[in-house]
Structures are given as structure tokens and as C-alpha cells.
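The following paragraphs explain how the copies in this model are arranged and how the protein meets a DNA strand. Please inspect the sequence and the structure before reading on.

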There are 2 protein chains.
Amino acid sequence: MKRNTWQREAVREALGGNDGFVSAQTLHSELRDAGSPIGLATVYRALADLAVEGEADSLQAEGESLYRACTPGQHHHHLICRNCGLTVEIEADAVEQWAQATAAAHGFSQATHVVDVFGLCAACRLAAQGS
Amino acid sequence: MKRNTWQREAVREALGGNDGFVSAQTLHSELRDAGSPIGLATVYRALADLAVEGEADSLQAEGESLYRACTPGQHHHHLICRNCGLTVEIEADAVEQWAQATAAAHGFSQATHVVDVFGLCAACRLAAQGS
DNA sequence: TCTACTATCGATAACGAATCTCATTACCGA
DNA sequence: TCGGTAATGAGATTCGTTATCGATAGTAGA
């Protein structure tokens, strides 16, 4: 029996309110700053649940897990600004097929893949040039 | 001034003696089991150096950093068996170009990318079927 | 609506990977 | 051989994450 609690909903909303990837710790701080008495463990549990249910994407960076709300049910990858965290969801049929084909060519089955692109978004590039 | 120590060489050899990716902790255990009195911090330092110098590749998995000896100086990706850790180095010019093009299309510059394929190698698939 | 059941919460302890500290060691040029 | 100093290593520390367990509060059924 799955229950709907305001805590879970708060995490979902806080996640949706961020453009890019955020850490569980950061999300917890934001919620506490906003006056919510939510616990850190609850934020971790909620994020893990959301990730399993496909409502959030997660990736590992610099030793911590980052999460982001994403369009559910659809396989996609991310183009992430390494400066401001701005994230763009990208489709990559070509890469999907390449991954499958490459795996098969080496005798591998049940292939999954990790594909993320990091760069400097237009705004951050201009800001860097201006300084 | 860079110095050559037996510890650094021991890490290099231990890394080369493994087919797939191994964690710093595992490598340290192996070295200690083999009778080497090398310290954990030294293993971490040596691995970080090797990664910087291009003699080792690293990737994040399950909350820890994994390392592997690799052909230096050449950009490539990995096809990794999620069961036995067997790793195959793969070239992916198509993916390189796709990543650059996609980043550029969204206004991103200085694009780098993370591309790894996980699967079940032929031997592990057969073993799984046999059981 | 009321009640019982139990999923969920949350403070905190525990855990583990990675890093830092600093006294000691030993590499290497002179 | 000698001295400066890079490198080492045991242990402490940091930090993100997970486990524990009593308290809390959704939810189904009476």
C-alpha cells in the first residue's frame, strides 16, 4: 500500500522547481529554508523512489548523486552546463542503436548505457568572455 | 620533481594485472594480500596520478571510483560486463561527432562526454543460461 | 466517523569511500 | 656520501548516504 504524504509531494515540487541537477543535500536545505521540517532521510527516500518510478533522473558527479525532474517513461540523455547546471534533455536514437550494435558485435547482451554530455552553455560562455 | 617509487610501480602493475575495472580499496587489499605494506592513501594518490597522466581510466559506479589500466593518449570508451567486470575498449568516432554536434546545436561549447556501455558478456550469458 | 493497522517519517547512529595531517622515509641530484 | 624535499603511511577526519527504531499519521474497514 503506497501512501501519499505531503513530504513526498514537497520533494517532487522542489525538484521540479530546479532547472538543473541538484543534490539530495541541497534539496533538503532548500526545503528547510522554505520552512519545511522535512528530514534528510526522507528526502533521500523520496528521491530514490522518484528515480525508480521514472519521474526523476539521477547521475553521479564529484562523489555525490544528483537528481532532476524529467519527462517520465521516456529514455533520454542530458546535455549539462558544467558551470550553471542548466540541463537540456536530448534524444539520441543514433547513439542507442550504436550502443546496441557495439555491444552485440562484442558478444555482449542486455546492453545499457550511460551517455551524458557536459559543456558550457551560451550564457555562461558569454559571461566568461565578458569577465 | 617527480620520483619513481616502488609503491607507484606496484600500483601500476596491480592495475595492469586486472582485466576490468577495480576500486582503489580492492587494489589496496590485493597489494596487502600479496605482502606489500603499501598504504591506502598511497594507492589513492598513485591512481589519481595515473589517471591524470592518461595511463589509467576511471569511472564512477555505485558510489565509488573504479580504475583500469588503458592504452595511453588515446580517447576511447568502454564496454563493461556488469557481471564479471570484463572490459573492452571501443572506439566511437560517430559518438564523438554526435556529442559535438548536439552540444553545438544547443549553444554549448567545450563539450566533453561520458559514454559507457554495460552489458553481459558472452561467457557470463552462457553461465547464466547453464545454471 | 471512529478505530486499528501499518507505511512513512525523522533524529541520530552507523557506515564507507575518500581525503587530510604530519612525522617519517627514501629518492635523487650535487 | 649528503642534504633537500617529494613521497609515504597510520590514523583521524570529512562528507554523502544508509540503517535503526520509536513516533507519527495515512488509509481501509467497521
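A turn of 180° with a shift of 0.1 Å along the axis lays chain A on chain B with an RMSD of 0.1 Å, the superposition being by least squares on the C-alpha atoms of residues with pLDDT of at least 70 in both copies. The two copies are thus related as by a two-fold rotation axis. Within chain A, Val115(A) comes closest to that axis, its C-alpha lying at 2.3 Å. Because 100% of the interface residues of chain A are also interface residues in chain B, the copies meet through the same surface; contact here means heavy atoms within 4.5 Å.

The model is predicted: local features need pLDDT of at least 70, side-chain atom pairs count only at pLDDT 80 or more, and totals for chains, interfaces and linings use all residues. Side-chain values use heavy atoms, with hydrogens and water left out, residues are numbered from 1 along each chain as its sequence is written, and chains are lettered from A and ligands numbered from 1 in the order in which they are written.

Turning to the DNA, 20 residues surround strand C, and Arg3(A), Thr42(A), Arg45(A), Tyr44(B) and Ser65(B) come nearest; a residue counts as near if one of its heavy atoms lies within 4 Å. Of the strand C atoms within 4 Å of the protein, 69% belong to sugar or phosphate and the rest to bases. A polar side-chain atom of Thr42(A) is 2.8 Å from a phosphate oxygen of strand C, while a polar side-chain atom of Arg3(B) lies 3.3 Å from a base oxygen; a polar contact is a pair of N or O atoms within 3.5 Å.

How values were computed: Polar contact = N/O pair within 3.5 Å; in protein donor to acceptor, adjacent residues only side chain to side chain.
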